[in-house]
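Thanks, everyone. I will take a few minutes on one model, going from the overall fold to the details.

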Amino acid sequence: MEAYESRECSYASNSTLQGLIEQAELDSFDYPFYAPYKDEVETIVQTEGSFDPDTIKLFQMNWDERDNDDDVCFDAYSSGKHVARTMRAVLEQMLVSHFQLANSVVDYLFQRYAYHLACHFLVQKGKFC
């Protein structure tokens, strides 16, 4: 727990990514992501009417799909790098386009992200709900 709570691992210590990105640019970045609640999905499905499900079940999934243990992250460093690479595949072009970042800055950004993820995995496993 100590490592995750340390200043070195804190998002607050990044102070707008150590001056690499201006606060105004960061504030203007909009990443449109929405995860609906179960009730919302049920309402939309019933309203649309194409099918009538008997039940809708939710399940949890680890952030690192390679890690199938429920409680412990066995290799926080490897999992952090893997999840960061996955997110890079999704976000890189949006970040480069919006912030006009050089490749070296993007590399640094995702290395820092992998580090923060590894710190998180040392304390708690990441799960999608």
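A word on element names before I use them: helices, of at least four residues, and strands, of at least two, are DSSP runs numbered from the N terminus. With that numbering, Ala118 is found in helix H6, and I will come back to that residue.

This is a predicted model. The average pLDDT for the protein chain is 76, and 71% of the residues score at least 70. Residues 1-13 have a pLDDT under 50 throughout, and the model gives that stretch 19 contacts beyond four places in sequence. Where pLDDT is low, the predicted coordinates should not be read in detail. I will leave that stretch there.

Now the overall layout. The protein chain has 6 helices and 2 strands, and along the sequence these run α-α-α-α-β-α-α-β. Of the 129 residues, 25% are buried. The accessible surface of the protein chain is about 9600 Å², and carbon and sulfur atoms account for 55% of that. Among the contacts with a separation of 6 or more, 68% are between residues 24 or more positions apart.

Next, the interior. Which residues make up the largest nonpolar core? There are 9 of them: Ile21, Leu91, Leu95, Phe99, Leu101, Val105, Val106, Leu109 and Phe110. The elements contributing two or more residues to this core are H5 and H6, and H6 gives the largest share, with 4 residues. A second core of 6 residues is separate from this one and includes Val83, Ala84, Leu117 and Phe121. In soluble globular proteins, nonpolar side chains tend to be buried together.

Back to Ala118. Is this residue buried or exposed? Its relative accessibility is 10%, and buried means under 20%, so Ala118 counts as buried. Leaving aside residues up to four places away in sequence, Ala118 touches Ala76, Tyr77 and Gly80. The C-alpha atom of Ala118 is 9.7 Å from that of Ala84, a residue 34 positions away along the chain.

Leu91, from the largest core, touches Tyr31 and Phe110, again not counting residues up to four places away in sequence. Tyr31 also belongs to a nonpolar patch on the surface, together with Phe33 and Val90. The three have about 320 Å² of accessible area together. Val90 is found in helix H5 and is partly exposed, with a relative accessible area of 45%.

Last, the charged pairs. How many salt bridges does the structure hold? The count is 2. In one, the side chains of Glu92 and Arg88 meet at 3.3 Å, N to O. These two residues are 4 apart in helix H5, residues 76-99, and so are separated by about one helical turn. In the other, Arg88 meets Asp107 at 2.7 Å, N to O. Here Arg88 lies in H5 and Asp107 in H6, residues 103-123, so this pair ties together parts that are 19 residues apart in sequence. Through shared partners, the salt bridges join Arg88, Glu92 and Asp107 into one network. As for exposure, Arg88 is partly exposed at 21% relative accessible area, and Asp107 is partly exposed at 33%.

To sum up on H5 and H6: both give two or more residues to the largest core, and the salt bridge between Arg88 and Asp107 has one partner in each. That is what I had; questions are welcome.

Notes. Residues numbered from 1 in each chain as written. Predicted model: local features only at pLDDT ≥ 70, side-chain atom pairs only at ≥ 80, totals over all residues. Heavy atoms only, no water. pLDDT = per-residue confidence, 0-100. Contact = heavy atoms within 4.5 Å. Salt bridge = Lys/Arg side-chain N within 4 Å of Asp/Glu carboxyl O. Buried < 20%, exposed > 50% of the residue type's maximum accessible area, 1.4 Å probe, protein only. Patch = residues over 30% accessible without salt bridge, like charges linked within 9 Å, V, L, I, M, F, W, Y side chains within 5 Å. Areas by Shrake-Rupley, 256 points an atom, 1.4 Å probe, with all protein chains shown as cover. Core = buried A, V, L, I, M, F, W, Y, C linked by side-chain atoms within 4.5 Å.
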